[in-house]
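Colleague: I'm new to this one, so could you take a close look at a single part for me? I'd like to hear about the second largest pocket and whatever sits around it.

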Amino acid sequence: MSEETKGKKLQKTLTHKWDNVWEKIEQNENEKIFEFGDDYKEFLNVSKTERLATDEIIRIAEENGYENLDKLIKNESKLKPGQKIYANNKGKSVVMYIIGTEDITEGMNIIGSHVDAPRIDLKQFPLYEDSELALLKTHYYGGIKKYQWVSLPLALHGVIVKNNGEKINISIGEDENDPIFMITDLLPHLAKDQMSKKLSEGITGEGLNIVIGSIPYNEKDLNEKIKLNILNTLNEKYDITEQDFTTAEFQAVPAGKARDLGLDRSLIAAYAHDDRVCAYTSLRAILDIDNPTKTAVALFADKEEIGSVGNTGMNSLFFENITAEVVSLVKDNYNELLLKRTLLNSRVLSADVSAGFDPNYPEVLDKRNAPFIGKGITLVKYTGARGKGGSNDANAEYISDVRRIFNENNIVWQMGELGKVDQGGGGTIAYMLSKYGMEVVDCGVPVLSMHAPYEVVSKADVYMTYKGYNAFYKA
């Protein structure tokens, strides 16, 4: 057997190729990957909206010994190392803490994801009748390709607050015995003009109207009898009226469950991988640690898909305010300087998905710098658009620190970016956390068909992301 040449030795030592998770893992981890994937699918199936995701995260947290921070604040209870707490922000975002043994002002290890996803919202006065059909007017939420949402089975999830303050939760279309809803499309025989338009113009926002029924109320001399029949059905089942829609939140999302994709069942096709895949992996990661050195934080934000605005988005002061409460229950003689030191010294993984390389669309990604499906958790130094506009752009010292953590813990990882330089771009919550002086880098799961009604991830990448987040918490 011939010896390796000097060139081959140099090539092995100096060059680098990203590993495929399936080829790198130990045999006993193969089963763990599939088990983790099954658990993740169950989470997706019950977390179709940011409210439902928040409810499920809190349910799981409480099952694992997390206490509601509100109760501790009310009782002025001091927090001790190892104590597990959570704070619920208006039922749409949540943050979990495990108090570390190290002084909290030395900083926290934070993983921040978001639980909202692109969808179709109902307008505030949505129900109308036209041409023997009852329909719902909508306003889409987040960056979608509108043509992907027609001729698609939809489920409706809603929260109605009645005039007397009673809250009613509605979910129709997820159970196989439920009816589903749909936005119709134009038959190709008559679509000459539609098909000559640009993709972005073929379906308009005002054209995304959901069909909800067609049977008229059985009484003569009435106007809009089909609409009336729908209202009567809703009133009989939920005791609501048309005015209740004006204060309600209704979301239309793809009906159906997350499914394995591929003969080898290596992939998962589902709605809202962006960003519930990072939410779930960070949730599982923090659940699997006890008594960390640094205080560990899992942050699940809302409104990221529309700019992180509102009082449940990362641009709000919710996280800062809650952390102030935590610091005040950990430290004696609280003052604002203690909070500022805590935030300044913290490290963050902005847990958001990245655009995986798709061989069907190679022209939009730089193959040398794009993340690949199956090659593990992805570090993204910068996002933004074109000239890094709106990007956090993490520094070399911090990325090197994260690289060390991953390498020391046998995490299969890769670097990535969001498309070719002049192609477009996007953003995450990273820059909103970096304003405190924290070290922040984007880090998550590569996804195919991002923002489509059904997105695709690799079970191997999901599992390796969980392992990477877990190692980060322990570092």
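**The second largest pocket and its surroundings**

Modeller: Happy to. Let's start with the elements in the wall: helix H12 (396-408), strand S19 (413-416) and helix H14 (459-474) each give at least two residues to the lining of the second largest pocket. Keep in mind that this is a predicted model. Among the contributors, H12 has the largest share of that lining, with five residues. The pocket has a volume of about 480 Å³, and 20 residues line it; those closest to its centre are Asp 19, Asn 407, Ile 411, Val 412 and Trp 413. Sorted by class, the lining holds nine nonpolar, four polar and seven charged residues.

Now follow H14 away from the pocket. This helix lies across S12, S13 and S23, at about 65 degrees to S23. Those strands make up an open sheet of three, in the order S12-S13-S23, and the pairing is antiparallel. Strand S12 (259-261) and strand S23 (455-458) are the edges, each pairing on one side only. On average, neighbouring strands of this sheet are turned by 35 degrees against each other, direction ignored.

Zoom in on one pair and you'll find S12 and strand S13 (residues 267-270) joined in the antiparallel sense over three bridges. Leu 261 has Leu 267 in S13 as its bridge partner. Helix H3 (residues 27-45) also lies across S12, S13 and S23, and H3 runs at about 5 degrees to S13.

Conventions: Residues are numbered from 1 along each chain as its sequence is written. This is a predicted model: local features need pLDDT of at least 70, side-chain atom pairs count only at pLDDT 80 or more; totals for chains, interfaces and linings use all residues. Side-chain values use heavy atoms; hydrogens and water are left out. On a 1 Å grid over the protein atoms alone, a cavity is a set of points where a 1.4 Å probe fits but cannot get out, and a pocket is an open set with protein on both sides within 12 Å along at least five of seven lines; lining residues have an atom within 4 Å of a point. Grid points are joined across faces, edges and corners, and a volume is the space filled by probe spheres set on the points. Helices (H or I, at least four residues) and strands (E, at least two) are DSSP runs, numbered from the N terminus. Ala, Val, Leu, Ile, Met, Phe, Trp, Tyr, Cys and Pro count as nonpolar, Asp, Glu, Lys and Arg as charged, and the others, Gly among them, as polar. Two strands pair if DSSP finds at least two bridges between them. Axes are lines fitted to C-alpha atoms, for helices over the stretch in contact, and angles run from 0 to 180 degrees between N-to-C directions. Contact means heavy atoms within 4.5 Å.
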